Amino acid sequence: MGDELTGGARDVGGVGPIRTFGVEEELLLVDPGTGEAVPMAAELLDLYVRPLDSRAGPVLTAEFQLEMIEAVTPPHAGLDALLTDIVAGRAIADRAAQDVGIRAAALGTSPLPCDPHPVQLRRFAAMADEYALTAREQLTCGCHIHVSVDSPEEGVAVLDRIRIWLPVLIALSANSPFWHGQDTGYASYRSQVWNRWPSAGPVEILGSPDAYHQLVHDMVSTGVALDEGMIYFDARLSRHYPTVEIRIADVCLRPENTALLAGIVRGLVETAAREWRRGTEPVPVPSVLLRLAGWKASRWGLRGELLDPMTSHPRPALAVINALLAHIGEALADIGDLQRVEQLIDHLLSAGTGAVRQTEVLHRTGQLEDVVTDAVNCTVRVP
């Protein structure tokens, strides 16, 4: 993310500064002929020329495995401006991939079997040694959304209040139905693989920055999490920027769905901050129930029921999405995003998630290679 995530905010109608937000999208590197994931991030990044000013546009960075790279936008105040840079970041990634004879695909997991190769850094080697098969198989592509906050106190207050809504983001972003050449039956199998990490998942309500940092310290002190970078909460305080970082979603197949997620997340953050300032307490849903909500969203996506964030009882997915929009509607309207988010939601519900499209392509063609080819085309398609 850019060094000044709070820069560029603008006032609208007396609401105050609009929170800036940015996106990190992990993309799979694939062979255009076979559809297989290929370990060519090093060659790609060797040829890639990073802009001197990262705030000027998207940049590419390395990730844990050589079969993937990350496209990172600078911070934005406007949703359409962010979408423009999401599209630009994917185009930059795909052009860089084509320079070494491959393509970039927004896929949460590789549809075809793959034996990943960690980037040759000491930290990654330590992770591969400590976590064994969990690390060796960890080829998953997520979408991380940063939203600016005014202070660590506000940041933890936000984390305490958005936690019950985060499983819905799994359903909205679901884009990983295949794993090692098999149809898993899950809309987001990436979520299942990612949660093998011992430090991943939801956390309880913490109440203060001191409690948050004490928990992080205690987790690292166990030696199970090797360092603070391995605190893989569904949402966390950024270690480097004045933001909260929401990490629960799959990378989306289409760029407009990434923009939708970002708009929803900013609405959640703004709503939570307003609740905190009003003295509204977080809804005390235990983490174990949030884990179950995440599993149900991962299994079915938008095709069936989700757990209601307030009651933890099953409800139709559309009803839960409508409840989410009602929850953040005032904040979205004040920011100026309500109509755009509603349009993007309608488009997603009509077209289906990435998981739905991948499954439809396989049923139509019978070839996982065609699923990858279609994903490459969707990745760089301008909405």
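Biologist: At what angle do helix α2 and helix α9 pack, and how far apart are their axes?

Modeller: The model is predicted. Helix α2 covers residues 79-99 and helix α9 covers residues 255-278; their packing angle is about 140 degrees, and the axes lie 9 Å apart.

Biologist: Are α2 and α9 roughly antiparallel or oblique to each other?

Modeller: An angle has to be over 145 degrees to count as roughly antiparallel. The pair is therefore oblique. As for handedness, the crossing of α2 past α9 is right-handed.

Biologist: Which residues make the contact?

Modeller: From α2 come Leu79, Leu82, Leu83, Ile86, Val87 and Arg90. The α9 side supplies Pro255, Glu256, Thr258, Ala259, Ala262, Gly263 and Arg266. By class, eight of the contact residues are nonpolar, two polar and three charged.

Biologist: Turning to internal space, how many cavities of 30 Å³ or more are there?

Modeller: The count is five. The largest cavity holds about 130 Å³. Its lining has 14 residues, and those closest to the centre are Leu159, Arg163, Leu166, Val203 and Ala235.

Biologist: Which helices each supply at least two residues of that lining?

Modeller: Those are α5 (152-162) and α6 (166-173). The lining of the largest cavity consists of nine nonpolar, one polar and four charged residues.

Biologist: What lines the second largest cavity?

Modeller: This cavity holds about 60 Å³. Around the second largest cavity are Ser110, Leu112, Pro113, Cys114, Pro116, Glu137, Leu139, Trp179 and His180. Six of these lining residues are nonpolar, two are polar and one is charged.

How values were computed: Residues numbered from 1 in each chain as written. Predicted model: local features only at pLDDT ≥ 70, side-chain atom pairs only at ≥ 80, totals over all residues. Heavy atoms only, no water. Axes fitted to C-alpha atoms, helices over the stretch in contact; angles between N-to-C directions. Helix = DSSP H or I, 4+ residues; strand = E, 2+ residues; numbered from the N terminus. Parallel < 35°, antiparallel > 145°, perpendicular 65-115°, else oblique. Left-handed = near helix turned anticlockwise from the far one by under 90°. Contact = heavy atoms within 4.5 Å. Nonpolar A, V, L, I, M, F, W, Y, C, P; charged D, E, K, R; others polar. 1 Å grid on protein atoms, 1.4 Å probe; cavity = no way out; pocket = protein on both sides within 12 Å on 5 of 7 lines; lining within 4 Å. Points joined across faces, edges and corners; volume = space filled by probe spheres on them.
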